[in-house]
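Please look through the structure below, beginning with a single residue and widening the view step by step to the chain as a whole.

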Amino acid sequence: MNARLSNSITELKDRYGIIVIGSGYGGSITAARLAAAGYEVCLLERGKEWIPGEFPDEMLEVTAQFRSDSNPLGLYDYRVTEDVDVFLGCGLGGTSLINANVIFKPDDDVFNNPRWPDEIREDRDNGKLNTYYEKVN
C-alpha cells in the first residue's frame with residue numbers, strides 16, 4: 001500500500017513563507033528546493049492525489065475523469081483556444097500524471113542543436129545523461 005504525500009486541508013496553516021501553485025515538474029522541484037533551503041513552503045494543486053492503482057484504465061473511466069463544473073477534481077483538463085489546444089493533468093503531480101510512465105531516450109544527435117546548453121552536450125558525451133535515463137526506467 002502506498003502512503004499519501006498530501007496533507008488534509010484541515011492541516012493548512014494561516015500563513016506560509018512561500019506558496020507554490022502547481023505540483024508538476026516545475027512547481028514540485030521549486031517547492032522541494034525551497035523547503036531544503038529551510039523555507040516554510042505550501043504547495044497547492046487543483047485536483048486530488050492519485051495513488052498507483054487508482055488511475056482510470058478503461059475508456060469509460062477515462063472519459064469520466066475529464067474536469068468539469070460537475071467534476072472539479074477530474075484528472076484531465078482539455079482546453080481549446082483559437083491558437084492552441086492544451087491537455088492538462090489535474091492532481092498532485094500536475095501534467096506529469098498523464099505521461100503514462102513514458103520516457104523516450106532521444107537520439108544523440110538531438111543534442112547537437114545549438115539551442116541546447118553546452119553542459120547538456122558534455123553530459124551526453126561523458127555518459128552522465130545515461131545515468132539519469134537509467135534512474136527513470
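Gly 17 is exposed, because its relative accessible area of 62% lies above the cut-off of 50% that separates exposed residues from partly exposed ones. The model in which this value was computed is a predicted one. Along the sequence, Gly 17 belongs to the segment that precedes strand 1, and that strand covers residues 18-21. If one looks from Gly 17 to Asp 123, which is 106 residues away along the chain, the two C-alpha atoms are found to be separated by 35 Å.

A second residue to consider is Ile 120, which is placed in helix 3, the helix formed by residues 118-125. Is its side buried, exposed or partly exposed? With a relative accessible area of 25%, Ile 120 is partly exposed, since the intermediate class starts where the buried class, defined as under 20%, ends. When the neighbours within four places in sequence are set aside, the residues in contact with Ile 120 are Phe 111 and Leu 129.

Turning to helix 1, which takes in residues 25-36, one finds twelve residues whose first and last C-alpha atoms are 17 Å apart, a span close to the 16 Å expected at 1.5 Å a residue. After helix 1 comes Gly 38, which has a positive phi, near 100°.

These elements can now be placed within the whole chain, which has four helices and four strands. Read from the N terminus, their order is β-α-β-α-β-β-α-α. The chain is more spread out than a compact globule, because its radius of gyration is 18 Å, whereas the globule rule gives 14 Å for 137 residues, a value that the chain is well over. Taken along the principal axes, the box filled by the C-alpha atoms is roughly 50 × 45 × 40 Å.

Burial and contacts can be described for the chain in the same overall way. Of its 137 residues, 21% count as buried, and the area that the chain exposes is about 10600 Å², of which 53% is supplied by carbon and sulfur atoms. If one takes the contacts between residues at least 6 apart in sequence, 36% of them join residues that are at least 24 apart. As for charge, the chain carries 14 positive and 23 negative charges, and the mean positions of these two sets are 5 Å apart.

Methods. Residues are numbered from 1 along each chain as its sequence is written. This is a predicted model: local features need pLDDT of at least 70, side-chain atom pairs count only at pLDDT 80 or more; totals for chains, interfaces and linings use all residues. Side-chain values use heavy atoms; hydrogens and water are left out. Helices (H or I, at least four residues) and strands (E, at least two) are DSSP runs, numbered from the N terminus. The radius of gyration is taken over C-alpha atoms; the globule rule is 2.2 Å times the number of residues to the power 0.38. Buried means under 20% relative accessible area, exposed over 50%, partly exposed in between (1.4 Å probe, protein chains only). Contact means heavy atoms within 4.5 Å. Accessible areas come from the Shrake-Rupley method with a 1.4 Å probe; for residues, only the protein chains shown count as cover. Lys and Arg count as positive and Asp and Glu as negative; His and the chain ends are not counted. The place of a charge is taken as NZ of Lys, CZ of Arg, CG of Asp or CD of Glu. The expected span of a helix is 1.5 Å times one less than its number of residues.
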